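Welcome! Let's take a friendly look at a patch on one chain and at the place where two chains meet.

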Amino acid sequence: MTEQQNSPEKKASTATEIPQWQLDLDQVGFVRRIFIARKWYGGDWWFVVVSAVLLLFIIIVGIFPQWFAPYDPRAEVGPSLLAPGEPPSAYVLVIRTDSGVVEFKQIANRDNNIGFVIGSPASQAFREVVGALNAESQAAGEGSQYQPRPQRFESIEEGLAALENGEIDGYIASPDELAGVVENFTGVEILGGLRVEADKGFVMGTNQIGQDVLSRTIWGTRIALIVGLSSAIVAIMFGVPLGLISAYIGGTLDRGLTLVMDSLYSFPGLILAISIAAVLGAGIGNVIVAIAVLYIPTYYRIVRGQVLSVKSELYVEAARSLGAKGSTILVHYIFPKVIPSVVIIFSVNVADAILTQAALSFLGLGLPPDTPDWGIDLARGQDYVRRAWWLIAFPGLMVSLVTLSFSMLGESLSEILNPRLSEL
Amino acid sequence: MANEKDVLVQIRNLYVTYGTRLGSVSAVDDVSFDIYRGEILGLVGESGCGKSTLGKALMRMIKSPGEITGGQVIFNGEDIMEYSDKQMRDFRGRRTSMIFQDPMTSLNPVQRVDEHMIEAIEVHEPKTKKANITDRITSLIERLGIQKRRLTDYPHQLSGGMRQRVMVGLGLVLNAHLIIADEATTSLDVIVEANLVDQLREIRDEFGVTILMITHNIALVAEIADRIAVMYAGRFAEIGPINDVFEDPMHPYTQGLLRSVPSIRLDDQEELYKMPGEPPNLTQPPSGCRFHPRCPQAIPICARIQPELLETKQGRLVNCWLFQDQPEEAAHPIMVTA
Amino acid sequence: MSSSLRNFLITRALLTIPMVLILITMVFFIMRILPGDPIRSELGPKATEEQVEIIAERLGLNKPLYQQYYEFLWQMITLDFGNALTMGERPIKDELAEKLPATIELTIPAMLFTAFFGIFAGAYAAKKRKKAQDYGIRLFSIAIYSIPIFVMGLIFQIIFSVRLNILPIAGRLDPLLLVTFESPTNFYIIDSILTQNWAALRSTIAHLILPALTLGLALTGVFIRLTRVNMIEAQESDFITAGRARGIPENKLHYRHALRNTFIPILTLIGLQFAILLAGAVLTETTFSWPGMGRYLVTRIQLRDYNAVQATIGVFALFVAVISVVMDVLYAFIDPRIRY
């Protein structure tokens, strides 16, 4: 090019230069296009990607909780209220030096007394070791024969004194507690560990009945996803067709339905769900129904509004004037226009449904009491709020995370898909 | 008509680019022209030719993703592109004012008419006394043919024509030198439109303001403007005094445009001219002259090199190879890479 | 002008009647017609026919359905719901008269907090659209929305009551003060001021902080989001562009013109939020042992006190209807386009 004189042209070409990524957009496949589009959508693109990745992970966890959960969520696998990561204390048995006892079995009969500090985890250790002995003897066909009487003491000194005096036959305590104390009592000695295998701790601790919080939290994902997704799908199955038909037919039907749906919509959702769940009684199906009812009006309203605006658009009028049937127009012209908003609402709706389900369980409604469910765990955790933060933190975190992923997806999708808000 | 030498605004090599998802659009592409003090300049063109963008660019009101990518706007000898945000704010309203297409939405629906005016004065002339403000507003509004009691009305209580007059008033109340009317009459019905146009001309005569009338309605421009500027695909095709251009359009686009205006005479059996082709896609504008694919008089050079807007006769500027010397190089065939 | 305003208000009030009717019918429908037998569930599976009949008669469940419906409607109109079936069997009306003020005393500070904080943050996010501040505020709003109210409440309890020990963990008033506390209106703040009981006022406010903060924060997420969307829409409107063309400063355009126009949709929003607020109040009250309507409802459901549950839900429905009318009236006062 030798157009030296024609400076405006050169200037123009620099001024209107198209960024390379925009040119690339037309030449690459769908996947790459999504990737390149992040420059256009900025933060919202990242919101979508992050939430999609989170959701993928959550859904995998929800489908295959057994791959992730180390224990059975319903089994009592350790001492109660063990803090996260804390190994269960290795308890030792203290006996009188002159008693000649060499193992716990010997002092585990009905007439034996075993002491420990009142309210300490030692009681759990005591129960466990007795349970283990009985299981052993049952297996040998001898029945449960071990049932020593527990004696609770205010302090370790009191207990050791009682042991020295012969009031009790053994005393259970942790080595830490005994250090520096046991030397003061001449007539006693430490026999050894109560349990053979040394337990490792629990990542998220245990709850008040010794279930693994991690396993319960992981299994809770399944319930939350089942209830959240099914109730949203049920709501769509009723809400969308009702909205389509109501807006399309119009007239009295439309007015009546709208009045009912608006009333339903204005009523506090959770209270509605509470009353339905209370009347229906416990059961996962009932919870799904109770929650689905809340969201039918949401779909109905949005679909109806969209249909009304699309219906009056010229291309639909044109189709009608060309003699297209009502059902054809509904399916081919109107329904596709409604899909984006339904997708957005679905995502937000699932998030809300999961919150509602957790709330119902928290209030003691809906699910059978032993279900591994976040709401139920949180309700139980509330009783231990002063002692065991982990009973609240982990299930609470999980509910929030799952809800966050769904609503972040919905919110950023709406920012991207909503033509009213996106600039070009 | 004002003295030719008395230039109010000089626009030099102005570029405005929009970044869209489909690529960037050069909505205003190397535009240079002058606006004379006290004239009414009609800016016409098809939808999407960049005339509204140009109007906004004169006030630096291009919103993201659009951007002024080059050029100067010299207003009263000062380049407003150099202005700081604060200077710019002072410039808007006090020196120039803008009237928009939709009078329904260009006034704040929850603010009364007088509140709009008081606010404008308070922002720009904070020292003005309350009583003076009221006097100024009242006399102005009556001058515009709106009753005084209407001042306490909300915008939705006014008719469309009245709202546009309020918008004009909002410009005049600060003694703006330049009023940019962006399709200001398009949404009004014909009678109201005629009234407003008459009024604009009276206002020009009385207040000595300059009016840039952006519209796609050539008939309207014929009625009101002193000069006409024809825009095509982000560039000026032709500028000249209204009568000269209408009598003897030089640019082929102007010719086509004028021939496609319907005439109201009933005995006129002549068919309307239909311009071939469609306006270009500005993400990938045609090479050379942007009009050449549709031009009935195109010559080879048009496809290769862009002409310039040059003065051909007294006061008439045309952007077309038919009226200017073709560069020497044009004689040699040049390969233009796609 | 004033006559048209009056007409608007009358029309609006009349329009509420079908809404209330539908809501009450809905409550009735849920309580009676849905499968699930309240008597059986109360008595357990071993109940004899005779026992069932006694209870049915006491509840009026053996009457024909239309008569039950009529009676229920009459109860809602007269607000006379009969006696509770459990816990002292007091008239439900009296019990609700004690609980409702507690709920209102909780929800109003929460709503105020939400409105101020939510509108400010939403407007700021809209101003900084697509900038870091915007994404930050949006992420905050989604995160706040995603934390269940009771989890947030429990976490606050752990932090402020258990760890820091600066605020009471639950209840409405210190039990020691409650013994001698006179409460004519059941609004503890008003009562303690009236009786000049400053210790009780301090204690009431201390007890109120955590529940109100929890409930308020929980709603803030939605508020921020909707304020932001409406502000962005207002920002794009022509009168903002026109104002900018007149040289009105950006801050003024944003916080005065756009925000003032946004108030109209926001007001509608507050009306809708009240429903969410009441739902949130149920959870907050349960978490903080706050003796309001929500906790009453939950305990009565657990006790299977059929009468009390039905009446409470009915009163919630009335409450919602009243709020929606009040909001519409306010709406008419704010938006000049409706007034004329």
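In this predicted model, Phe57(A) belongs to helix 5 of chain A; helices here are DSSP runs of H or I with at least four residues, numbered from the N terminus. Phe57(A) also helps to make a nonpolar surface patch of about 770 Å², together with Leu56(A), Ile59(A), Ile60(A), Ile63(A), Phe64(A), Trp67(A) and Phe68(A). Helix 5 and helix 6 (65-68) of chain A each give two or more residues to this patch, and helix 5 gives the most, with five.

Helix 5 (43-63) also supplies at least two residues of the side of chain A that touches chain C, as do other helices, including helix 15 (326-362) and helix 17 (390-417). Helix 17 of chain A gives the most to that side, with eleven residues.

How many residues of chain A are in contact with chain C? There are 49 of them, meeting 52 residues of chain C, where contact means heavy atoms within 4.5 Å. The area buried between the two chains is about 4,700 Å², with carbon and sulfur atoms giving 72%.

The side of chain A that touches chain C divides by class like this:

| Class | Count |
|---|---|
| Nonpolar | 31 residues |
| Polar | eleven residues |
| Charged | seven residues |

Residues are numbered from 1 along each chain as written, and chains are lettered from A in the order of writing. Local features need pLDDT of at least 70 and side-chain atom pairs count only at pLDDT 80 or more, while totals for chains, interfaces and linings use all residues, and side-chain values use heavy atoms, without hydrogens and water.

How values were computed. Buried area is the accessible area (1.4 Å probe) that two parts lose on being put together, summed over both. Ala, Val, Leu, Ile, Met, Phe, Trp, Tyr, Cys and Pro count as nonpolar, Asp, Glu, Lys and Arg as charged, and the others, Gly among them, as polar. Patches are made of residues with over 30% relative accessible area and no salt bridge: like charges are joined within 9 Å, nonpolar side chains (Val, Leu, Ile, Met, Phe, Trp, Tyr) within 5 Å. Accessible areas come from the Shrake-Rupley method with a 1.4 Å probe; for residues, only the protein chains shown count as cover. A salt bridge is a side-chain nitrogen of Lys or Arg within 4 Å of a carboxyl oxygen of Asp or Glu.
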